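Good morning, and thank you for joining this session. I should like to take you through one structure, from its overall arrangement down to a few single residues.

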There are 2 protein chains.
Amino acid sequence: MQNFADRLLEAVIAKGNPVVVGLDPRLEMMPDFLNPRGANPNGKTAAEMITSFHELILDIVSPLVPAVKLQIAFYEQYGLPGLQALHETIGLARDRKLVVIVDAKRNDIATTATAYANAFLGRTAYGTELRPVFDVDCITISPYLGRDSLQPFVDVCSKYGKGVFILVKTSNPGSRDLQDETLHSTGAPLHELVAEMVAALGKDLIGERGYSAIGAVVGATFSEQASRLRRLMPQSILLVPGYGAQGGTATDAAHCFDASGVGAIVSASRSITYPHREPSIGEDEFSKLVLGQTQTMIQGLSAALQRNGRH
Amino acid sequence: MQNFADRLLEAVIAKGNPVVVGLDPRLEMMPDFLNPRGANPNGKTAAEMITSFHELILDIVSPLVPAVKLQIAFYEQYGLPGLQALHETIGLARDRKLVVIVDAKRNDIATTATAYANAFLGRTAYGTELRPVFDVDCITISPYLGRDSLQPFVDVCSKYGKGVFILVKTSNPGSRDLQDETLHSTGAPLHELVAEMVAALGKDLIGERGYSAIGAVVGATFSEQASRLRRLMPQSILLVPGYGAQGGTATDAAHCFDASGVGAIVSASRSITYPHREPSIGEDEFSKLVLGQTQTMIQGLSAALQRNGRH
């Protein structure tokens, strides 16, 4: 079974860029041609609209990028039909050989953490039978509950060749409130303690390319901390959100890569999948905008990595 | 619209105890009479088995206790059928006039946090129509992302008369790793900073009984910290897990109540809903055990509160 980090990094090499397209289903932001609003004369349900919207996006971006990130909150807001659409979108992304990340920010303690790990990365027991459930490549998880809440995910990753990205330093302004608090014991911010935990948890899951299946989320919006976190977790792949709509630039994101321009993936959601201004935009024009935004991001990151000598 | 804290505290008064029964669906722990294992000759699906198991539990406990807590990880591990069972179990609990807590430990940033808040507590927009989704009374949420990730939940609670319990000090041993780290700025542990945040976020949502709709999760397993947290959040209802199977006692849990014996609810899951040793137990005997365990917990807490002069 291939290590998740190797699988992800090989996908990055194959596509020639580390861009992750984020899928955040929001009916109110979808163009009218999908008919998400009001009376639904085509008879499409919310689940069908989300799935067909994502099929369109995936057809455009799957030849270009290595991975997609599904933000499960936006699926959950549509209840069971939304989660049906999640399941279908995962299948569509997998059919297109994309690495599938679910941005779940889950966690809990002990056997409850194992239940989450099984739901997304492992297998659930039905009597003696073990069945895959959402079965994606990796998910994001939250560290507040401590190391024993993270270990069950590491165990499942080890068993099934999957990965996790542990929240270390998030892209929002409020990430300062707890994550940047200086600790008495270390004189360093809390997020660096979490970074050390990530490095330690990942040390037995390092693949042939020198990176671990246990990665970290580090926002693109705080480049100074990103450089330091890159050094503190030299074998962890960094998932870098906050690019584009949240204000992170390619130059900021470049700090998350190692000296060879490897070791991070950068996600953008709204700026790629909702690039239009007018809901009345036609499908062809919309598709061109999505393609253009994806190419622009790929080129912007590539240029920033070259400027940094990280290529 | 009634404040969530008032609604919860009135349910506690009506039932005469602060016990919350936790529903953690685990097919492998259910008695054989529900037929959760193997061949399913009755033709019951996993969703049907979970729902019928919880219907049995709810019929026993709903006359006795004010609230139930559904651990969503255990539903998610069964995928879409599991989430269908979640939806149905919520309906069954609501039919029985129980306060419904979903233990979700969700969180994210900005509009993504709003999506989670809408999924469980608010309404989701379908064009101009706003529809309830899982629509429970309250959920648990995680604070690692900071105050701006918590505010959207507070806003939705305010709008729809709902509540949240923010993780402050969890019941697992690993809660020491981050939550107990002493901060340079305050000389106090991180979890106390979170407690102050909880108190501040809840100050505009205080009901007629003096408690806020913004509560906190404080594990029963660390009684010294619990006493201090009770004082730091004088107007926050504490949701106290870790009772029973996790080793928290009634005496420990009593530290989470105010001097009048109010202001906390205490949950137990496995010790109540999986009280049997032999899978072959019959339905009548199983029901008696569930009833007995519930009564024992109610009496144990009542005695501990009286010993503490908190009654």
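I shall begin with the fold of one chain, then turn to the interface, the core and some individual residues. Please keep in mind throughout that this is a predicted model.

Let us start with the sheet in chain A. Eight strands close into a barrel there, in the order β1-β2-β3-β6-β7-β8-β9-β10, and the pairing is parallel. Averaged over this sheet, and with direction ignored, neighbouring strands are turned by 30 degrees against each other.

Strand β1 of chain A, residues 19-23, serves as an example. On one side, three bridges connect β1(A) in parallel to strand β10, residues 264-268 of chain A. In that pairing A:V19 has A:V266 of β10(A) as its bridge partner. β1(A) is also joined to strand β2, residues 67-71 of chain A, by four bridges, again with the two strands running parallel. Here A:L23 stands opposite A:L70 of β2(A).

Is β1(A) enclosed or open? Five of its five residues are buried, so the strand is largely enclosed by the rest of the structure. In general, side chains in a regular strand alternate between the two faces of the sheet. For β1(A), both faces are covered: A:V19, A:V21 and A:L23 are buried on one side, and A:V20 and A:G22 are buried on the other.

Part of the covering can be named. Helix α4 of chain A lies across β1, β2 and β3 of that chain, and runs at about 175 degrees to β2(A).

Further along the sheet, strand β6 of chain A, residues 138-141, pairs in parallel with strand β7 of chain A, residues 163-169, through four bridges. The bridge partner of A:I141 in β7(A) is A:I166, a residue to which I shall return.

I now turn to the relation between the two chains. A turn of 180 degrees, with a shift of 0.0 Å along the axis, lays chain A on chain B with an RMSD of 0.0 Å. That is the relation of a two-fold axis.

How many residues does each chain bring to the contact? Chain A contributes 56 residues and chain B contributes 57. On the side of chain A that touches chain B, several elements each supply at least two residues, including α3 (72-76), α4 (79-95), β4 (123-126) and α6 (147-160). The most is given by α5(A), with six residues. Sorted by class, this side of chain A has 25 nonpolar, 21 polar and ten charged residues. Moreover, 100% of the interface residues of chain A are also interface residues in chain B, so the copies meet through the same surface.

Next, the interior. The largest nonpolar core holds 217 residues, and those touching the most other members are A:I166, A:A216, A:V240, B:I166, B:A216 and B:V240. Helix α2 of chain A, residues 46-61, provides the largest share of this core, with nine residues.

B:A216 allows a closer look. Setting aside residues up to four places away in sequence, B:A216 touches nine listed partners, among them B:F165, B:I166, B:V198, B:M233 and B:L238. B:A216 also has B:L238 as its bridge partner in β9(B). Strand β8 of chain B, residues 212-218, and β9(B) pair in the parallel sense over three bridges. Of the residues in strand β9 of chain B, residues 236-240, five of five are buried. B:S236, B:L238 and B:V240 are buried on one side of β9(B), with B:I237 and B:L239 buried on the other, which leaves both faces covered.

Finally, three individual residues. A:H191 is located in helix α8 of chain A. A:H191 counts as buried because it has 26 C-beta neighbours inside 10 Å. Not counting residues up to four places away in sequence, A:H191 touches A:V168, A:K169, A:Q179 and A:D180.

The other two have backbone angles that deserve a check. A:K97 is not a glycine, yet its phi is positive, at about 65 degrees. A:K97 sits in the loop between α4 and β3 (99-106) of chain A, and is exposed, with 10 other C-beta atoms within 10 Å.

B:A110, also a residue other than glycine, has a positive phi near 50 degrees. B:A110 belongs to helix α5 of chain B, residues 110-120. Is B:A110 buried or partly exposed? With 18 C-beta neighbours inside 10 Å, B:A110 counts as partly exposed.

That concludes the presentation, and I thank you for your attention.

Conventions
Residues are numbered from 1 along each chain as its sequence is written. Chains are lettered from A and ligands numbered from 1 in the order in which they are written. This is a predicted model: local features need pLDDT of at least 70, side-chain atom pairs count only at pLDDT 80 or more; totals for chains, interfaces and linings use all residues. Two residues are in contact if their C-beta atoms, placed from the backbone, lie within 7 Å. Ala, Val, Leu, Ile, Met, Phe, Trp, Tyr, Cys and Pro count as nonpolar, Asp, Glu, Lys and Arg as charged, and the others, Gly among them, as polar. A nonpolar core is a set of buried Ala, Val, Leu, Ile, Met, Phe, Trp, Tyr and Cys residues joined through C-beta atoms within 7 Å. A residue is buried if 20 or more other C-beta atoms lie within 10 Å of its own, exposed if 12 or fewer, and partly exposed in between; C-beta atoms are placed from the backbone. Copies are superposed by least squares on the C-alpha atoms of residues with pLDDT of at least 70 in both. Two strands pair if DSSP finds at least two bridges between them. Axes are lines fitted to C-alpha atoms, for helices over the stretch in contact, and angles run from 0 to 180 degrees between N-to-C directions.
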